[in-house]
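Me: I have a structure open and some terms puzzle me. Could you go through them with me?

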Amino acid sequence: MSALLLQEMKWPEVKDYLAKDDRVIIPVGSTEQHGCWLPMGTDTFTAISLAEDASEKTGVMVTPPNWFGWSPHHMALPGTISIRPEILIELLYDEIESLAKHGFKNFITINGHRIVNLIWMQIAAERAQRKLGVKVVIFDPAYMQKEIADKLGFGAIGHAEESEGSEMMYKYSDLVDISKARDYVLGEAKLYHIDPRDRRDTLCYVPSTEEVTRKIAEISGGSIGHPSQASAEKGKKLYEHLVSRLVEVIEQLKK
Ligand SMILES: [Zn+2]
């Protein structure tokens with residue numbers, strides 16, 4: 001079975017689909033700098049590929065991806081497009097509302113942009129559930145890789161690091177330039193940790209200042225972590241784990 005993409009379907013096909021299924025997957029990412037070695041679209045590519053592979057396995061339809069996220073902390077490097085969270089909440093809500101009007105009832109959003117998108121996606125999902133009477137789940141690859149990340153030897157979640165880089169090397173190798181990967185690790189934070197695997201994870205994104213983000217971007221080149229530890233082989237294992245988890249989530253929402 002190939003992935004079922006809304007943008008490639010005709011309306012009678014959507015009607016036929018709705019007669020047998022009410023689930024739909026919405027990939028959400030970002031367009032932001034990902035170091036010198038990964039493309040701007042990394043987060044969106046991650047969400048798209050997971051959505052499409054899960055669609056192949058389940059027959060569940062995928063909407064066009066949301067290419068933009070909230071990325072004020074990556075504006076120091078050129079190319080990043082940051083959209084205000086208020087707009088992103090409204091956009092995702094309107095997408096869900098439109099589809100709900102046609103009869104879709106179960107929405108699986110995939111977040112490729114980690115904690116910073118989660119903040120507004122939770123608000124949009126909660127609002128849609130309350131106002132539209134639909135079910136909206138958020139599938140977050142960073143949280144869903146907790147069980148496997150240590151076994152693969154990945155360090156803490158950073159940015160454009162070995163974890164998302166490995167996935168990209170496996171799925172989009174021609175967009176990756178590992179020769180430009182640079183390791184850089186931030187100093188130990190005393191109180192705030194935003195790594196899902198860290199017992200001290202505070203589940204809290206603490207906004208940085210423009211000055212600080214600019215300084216870190218200049219020193220690091222945009223990657224935080226150990227990109228040199230990335231490989232397509234690890235990416236395959238991580239990716240297959242994520243797809244199987246996503247399929248489980250989708251199957252749980254079956255009519
Ligand atoms: Zn990313």
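**Strands and helices, term by term**

Reply: Happy to! Let us start with one pair: Thr 109 stands opposite Ile 138 in S5. The model is a predicted one, where local features need pLDDT of at least 70 and side-chain atom pairs count only at pLDDT 80 or more, while totals for chains, interfaces and linings use all residues. Residues are numbered from 1 along each chain as its sequence is written.

Me: How do you know that strand S4 and S5 pair?

Reply: Two strands pair if DSSP finds at least two bridges between them. Five bridges join S4 (residues 106–111) to S5 (residues 135–139), so these strands pair, and they run parallel. Strands, like helices, are DSSP runs numbered from the N terminus: at least two residues of E for a strand, at least four of H or I for a helix.

Me: What makes S1 and S5 edge strands?

Reply: The open sheet has five strands in the order S1-S3-S2-S4-S5, with parallel pairing. S1 (4–5) and S5 each pair on one side only. S1 joins strand S3 (residues 61–62) over two bridges, in the parallel sense, and Leu 4 has Met 61 in S3 as its bridge partner.

Me: Why is the unit of S4, helix H4 and S5 called right-handed?

Reply: Point the strands away from you: a crossover is right-handed if the path from the first strand over the helix to the second runs clockwise. S4, H4 (residues 114–132) and S5 make such a right-handed β-α-β unit.

Me: Why is H2 called oblique to H7?

Reply: Axes are lines fitted to C-alpha atoms, for helices over the stretch in contact, and angles run from 0 to 180 degrees between N-to-C directions. The axes of H2 (residues 42–58) and H7 (residues 162–171) come within 10 Å and cross at roughly 60°. That makes H2 oblique to H7, because angles under 35 degrees count as roughly parallel, over 145 as roughly antiparallel, 65 to 115 as roughly perpendicular and the rest as oblique.

Me: What makes H7 roughly perpendicular to H9?

Reply: H7 and H9 (residues 232–252) pack at an angle of about 95°, with their axes 7 Å apart. Set against the perpendicular range, that angle makes H7 roughly perpendicular to H9.

Me: Which residues of H7 and H9 make the contact?

Reply: Residues are in contact if their C-beta atoms, placed from the backbone, lie within 7 Å. Among them are Ser 163 and Tyr 170 of H7, and Ala 232 and Leu 238 of H9.

Me: How are the residues in the contact of H3 with H4 classed?

Reply: H3 (residues 85–102) and H4 pack at an angle of about 35°, with axes 9 Å apart. Their contact has 14 nonpolar, no polar and two charged residues. Ala, Val, Leu, Ile, Met, Phe, Trp, Tyr, Cys and Pro count as nonpolar, Asp, Glu, Lys and Arg as charged, and the others, Gly among them, as polar.

Technical notes:
Contact = placed C-beta atoms within 7 Å.
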